[in-house]
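Please find below a short note on the structure you asked me to look over. It is written as numbered points, to be read beside the sequence.

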Amino acid sequence: MNKLLLCNEAVAQAAIDAGVSGMYAYPGTPSTEIMEYFISSEEAAKKNIHRQWSSNEKTAVEAAIGMSYAGKRAMVAMKHVGLNVAADAFMNVAVTGVNGGLIVVVADDPSMHSSQNEQDSRFYARFANIPCYEPSNQQEAYDMVFDAFRLSEKYRLPVLMRLVTRLAHSRAPIKFKTDKNHQKNITLPDDPMQYILLPANARKRNKILIENYEMVRFDNRLSKFNSFEDGKERRMGVIATGVAYNYLKENISSSENSCPILKISAYPFPKDIVLGIFSRCEEVIVLEDGYPFLEESLRGLLDNGRKIYGRMDGTVPRDGELNPNIVARALGISSNNYTPVPSVVKPRPPQFCKGCSHIDMYLALNEAMRQYGNGRVFADIGCYTLGALPPYKSISSTVDMGASITMAIGAADAGLVPSVAVIGDSTFTHSGMTGLLDAVIKKSPITVIISDNSTTAMTGGQKSQATGMLDKICLGLGVEPEHMRVIAPLPKHHEENVGILREEIAYNGVSVIISRRECIQTAKRKRR
Amino acid sequence: MKKDIILSGVGGQGILTITSVIGLAAMKSGLRLKQSEVHGMSQRGGDVQSHLRISDGTIFSDLIPMGECDIIISVEPMEALRYIPWLSKNGWVITNAVPFENISGYPPISDIISELEKIDNHIIIDAGEVASRINSPLSGNIVVLGAASPYLEVVSSSSLEDAIRLFFSTKGEDIVEKNILAFNEGKRISEAIIRSKK
């Protein structure tokens, strides 16, 4: 059957078809639709596949490790920076190895369409000594999931699948496999020590990991996704990874004297396939959507071998995502002369929705903070990051999930009193609670505003773990009840809210203000 | 045979809806397609676009190369101009005339219209007026789709109508019929503009 699916949805359907028993994730663009597909899938419901949002990427990976420990197949999905949060679990499950197949899907965001950096997750796979799949199109991604689970079980290794925004968020008709796998039964690991990473055992497991990493490169379930296409041209060969292959073919598929092409969509691979293209061609150009991951290893530290072109010598821009035109320029193909954007066109950045509760929170906060001057409000990741833009200009930082509270603590330690943190409800349960505990223990003179819109708004309104429990969580962490205030961010309460904010900002200890009003987008969806 | 289409507008204006409708129609017509969308932060009132590529042959890139887009379909006039670098020499621009002014310093609409009129092949339609006249104010995007339908070529009007019925089927017969009406009104006005130009 053919069905039009986003690549993210194709990966999810593949996992369902491959007999996955548990799907774990925290929402993050461009990965969110993988779990959303699971949640809305009738087939997943019928098969009783576990599919619920986790508090963060680390808890998601750990739960997936548990599912795999019990012998069942598990998938976990996140955006690239989510893997930083999950890195402890991720690096160590490489050492324990798996029991049921385990795939970690990571959606990278080159050009930072919705992210703070453009880190390339292929480095994480290499770092952990585990295989990495990098699909070039939606169908390949679907097909890879089946091989990835089998490979994972054969070598007892977790497997990383790296997507990029342009693939994750592009639809194509997907041909489903007809021979679907059943879910596995509970089977505990053969070796009762496998998951016990006491140093003596971890040293043994690490040797097994290193051995497996060397062996896995010759396995067909990995290497079949790398392919060589010969061409008449002998001067220049092209190595293209993942979606870069599409941009290459877009430019040269019709030309007669095409060059030899090595398509790489799975790592690690045997040296021979690279030797093959280098033996045919004098020079090689490397096209990668991300860091010069492969290019750097081909050049080596001395870079005194064969001539290689790519991101590192400026043939391809050093950062940002690729597209057909950038690849055309790199290949020396004169691309069409195109008309520039007329000067009348103005930028249209994203902005708060009309009636958003964050607006009323920021208007009140700006007034309450006026007497202290700028530079004292540390914010976090979410729609409320838009408070950085005019006319609000309310915040001075957005670094990583949860950093608002902990940066406020550090700034207060330095003497910047008062320091204020602004964090959303979902970000708070993702990574803010431990920071708040630090503040309570240290009696930091900070004010934490939890802008509670009772959803994970920026990624499309997924369930927020804290909904209905936020007050109890804060009190449980030790916030003094008289300094835990709740306000309703509405224009009619503005004066009252400014007053409450002023009182708590002036308090020389930890105060929490929960600014609570439901996201208007979520409310709208509920009404439908 | 191929059509490379950019659909543009502001987050929340229903770009993904009309992209999906054309995509459905192309699938039903047995064609290949790739449909690149913008999800995430920009959907909050920022500029959004979809690249929709339809062909009877292999499609490699999910993104349309600059200078090769056959049709820009825009639900907002300034957003139509943002993608001019992608438009091919003989390409068409079909756009709503009604601005969505959610930024300070939005240019005078007359400046935008005169820029649009410089493009050789353009259809500018007041989709808001049409949508409210047929008492379906949320169907402006479908009016624009109707106006673009004579230029889509690879998918017929009847297959687009079928796709509209399928897409809105869960929302009830009334919504389906209003959108079919919106589609046909857009198409009728667009065809009248073509006749008047000839």
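The points below go through each chain, and then the contact of the two chains.

1. Status of the model. This is a predicted model. Each position discussed here should be read with that in mind.

2. Chain A as a whole. The secondary structure of chain A consists of 21 helices and 19 strands. Its radius of gyration is 25 Å, close to the 24 Å that the globule rule gives for 528 residues, so chain A is as compact as a globular protein of that length. The C-alpha trace of chain A spans about 75 × 65 × 50 Å along its principal axes. Of the 528 residues, 54% count as buried. Taking the contacts in chain A with a separation of 6 or more, 78% are between residues 24 or more positions apart.

3. Domains of chain A. The domain assignment divides chain A into domain 1 (2–223), domain 2 (227–330) and domain 3 (357–527). Between the C-alpha centres of domain 1 and domain 2 of chain A there are 27 Å.

4. Where domain 1 meets domain 2. In chain A, 24 residues of domain 1 are in contact with 18 residues of domain 2. On the domain 1 side, the elements giving two or more residues are helix H7 (122–128), strand S6 (132–133), helix H9 (165–168) and helix H11 (220–223) of chain A. H7(A) provides the largest share, 3 residues. By class, this side of domain 1 of chain A has 12 nonpolar, 4 polar and 8 charged residues.

5. A sheet in chain A. Five strands are worth following in order. They form an open sheet of 5 strands, S15-S16-S17-S19-S18 of chain A, with parallel pairing. Strand S15 (377–378) and strand S18 (484–487) of chain A each have a single partner strand, so one side of each is left without a neighbour in the sheet. Within this sheet, strand S17 (residues 446–452) and strand S19 (residues 511–516) of chain A run parallel and are joined by 6 bridges. A:Asp452 stands opposite A:Arg516 in S19(A).

6. Helices on the sheet. Helix H16 (residues 357–369) of chain A lies across S15, strand S16 (419–424), S17 and S19 of chain A, and runs at about 160° to S17(A). Helix H18 (residues 425–442) of chain A also packs on the sheet, where it touches S16 and S17 of chain A. The direction of H18(A) makes about 145° with that of S16(A).

7. Chain B as a whole. Chain B has 7 helices and 6 strands. Its elements run β-α-β-β-β-α-β-α-β-α-α-α-α from the N terminus on. A compact globule of 198 residues would have a radius of gyration near 16 Å, and chain B agrees with this at 16 Å. The C-alpha trace of chain B spans about 45 × 45 × 40 Å along its principal axes, and 57% of its 198 residues count as buried.

8. Contact of the chains. Which elements of chain B give two or more residues to the side that touches chain A? They are helix H1 (15–28), strand S2 (32–36), helix H2 (77–82) and helix H3 (109–117) of chain B. In total the contact takes 39 residues from chain B and 37 residues from chain A. The largest share of the chain B side, 4 residues, comes from S2(B). That side has 17 nonpolar, 13 polar and 9 charged residues.

9. Strands paired across the chains. Strand S8 (residues 170–175) of chain A runs antiparallel to S2(B), and 2 bridges join them. Here A:Arg171 stands opposite B:Gln35 in S2(B).

Key
Residues are numbered from 1 along each chain as its sequence is written. Chains are lettered from A and ligands numbered from 1 in the order in which they are written. This is a predicted model: local features need pLDDT of at least 70, side-chain atom pairs count only at pLDDT 80 or more; totals for chains, interfaces and linings use all residues. Domain bounds come from an automatic or database domain assignment. Two residues are in contact if their C-beta atoms, placed from the backbone, lie within 7 Å. Ala, Val, Leu, Ile, Met, Phe, Trp, Tyr, Cys and Pro count as nonpolar, Asp, Glu, Lys and Arg as charged, and the others, Gly among them, as polar. Two strands pair if DSSP finds at least two bridges between them. Axes are lines fitted to C-alpha atoms, for helices over the stretch in contact, and angles run from 0 to 180 degrees between N-to-C directions. The radius of gyration is taken over C-alpha atoms; the globule rule is 2.2 Å times the number of residues to the power 0.38. A residue is buried if 20 or more other C-beta atoms lie within 10 Å of its own, exposed if 12 or fewer, and partly exposed in between; C-beta atoms are placed from the backbone.
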